Amino acid sequence: MKSTVHLCGLSLAMVLAASPARAADVVVRVTPSDSTVFVNDVFTVDIVADLSVPVLGWGLDFSIDDPSIVSMIGSPQLASPPWAGVLAPDGDGLVGLANPAGSSISGSVTPLASLTLQALQVGETDLRLAVTAGDLTEGFAMDPTGFATVSFVSAHVSVIVPEPRSWVLLLLGGLAVWARSVRYRRSPTSM
């Protein structure tokens, strides 16, 4: 009897190990996925999700790998509709409930929120999204119950020094032509 139970347990473990991994119900990403901005630029990124299952609400954590290069300005702006903001215990403002209450949301490229960021200094950093394990205000609550499996796609930001803009070069060229023509008019003409 004991060996039969052991074999059944071993068989179940082998079946589970051989079965393909379950695809994520929700894929969350920051768009654009790759940005190049100038030092001191203020820019916006969006958080969007592909929801293959109906979702009643969501909560996320947002982080910047190197906050000395890029920082967030103000609070996230939830995409409303379809989401209504609620107070989150972690205070980051990245929590939304389907609006109107009781409805569920699904679909590709579903907007969740927009973030305003500022480039502080030259360098590169990644923008990441995550869910804190055990925090029941984070994740994607499915309709009618449970939480969806989630995968996250980070974004990359490169901050560079601005090059002279073409209009500045055009203005400098125009000033050089003007200065030369003024000098030419003032020079005595010889006959």
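Here a trainee and a mentor talk through a predicted model, from one of its sheets to its aromatic rings.

Trainee: Let's start with the open sheet of 4 strands; what is the strand order?

Mentor: The pairing in this sheet is mixed. At its edges sit β2 (34-38) and β4 (61-64), each pairing on one side only. Reading across, the order is β2-β12-β9-β4.

Trainee: Do β9 and β12 run parallel or antiparallel?

Mentor: Strand β9 covers residues 123-130 and strand β12 covers residues 155-160. One bridge to look up joins Gly123 to Val159 in β12. Over 5 bridges, the sense of the β9 and β12 pairing is antiparallel.

Trainee: Moving inside, which strand gives the most to the largest nonpolar core?

Mentor: That core has 36 residues, and Val28, Trp58 and Leu60 are among those with the most contacts inside it. Several strands supply at least two residues each, including β1 (26-31), β5 (70-78) and β8 (105-119). With 8 residues, the one that gives the most is β3.

Trainee: I keep spotting Trp58; is this residue buried or exposed?

Mentor: Look at what surrounds Trp58: leaving aside neighbours within four places in sequence, its contacts include Leu78, Leu94, Leu112 and Thr137. Buried means under 20% relative accessible area. Trp58 has 2% relative accessibility, so it counts as buried.

Trainee: What kind of aromatic pair do Trp58 and Trp83 form?

Mentor: Their ring centres are 6.1 Å apart, with 85 degrees between the planes. Planes over 60 degrees apart get their own label. For Trp58 and Trp83, that label is edge-to-face.

Trainee: And how many residues apart in sequence are the parts that this pair ties together?

Mentor: Trp83 is buried as well, with a relative accessible area of 1%. Trp58 lies in strand β3 and Trp83 in strand β6 (residues 83-85), so the pair links parts whose separation in sequence is 25 residues.

Trainee: What about the rings of Trp58 and Phe140; which kind of pair are they?

Mentor: Phe140 is buried, at 0% relative accessibility. Phe140 lies in strand β10 and Trp58 in strand β3, so this pair ties together parts 82 residues apart in sequence. The ring centres are 6.5 Å apart and the planes lie at 20 degrees, so the pair is stacked.

Trainee: Last one: which residues form the aromatic cluster?

Mentor: The count comes to 2 aromatic pairs. Trp58 pairs edge-to-face with Trp83, and the Trp58 and Phe140 rings are stacked. The one cluster is made of Trp58, Trp83 and Phe140.

Conventions:
Residues numbered from 1 in each chain as written. Predicted model: local features only at pLDDT ≥ 70, side-chain atom pairs only at ≥ 80, totals over all residues. Heavy atoms only, no water. Pairing = 2+ DSSP bridges. Core = buried A, V, L, I, M, F, W, Y, C linked by side-chain atoms within 4.5 Å. Buried < 20%, exposed > 50% of the residue type's maximum accessible area, 1.4 Å probe, protein only. Contact = heavy atoms within 4.5 Å. Phe/Tyr/Trp six-rings, centres within 6.5 Å; stacked < 30°, edge-to-face > 60°.
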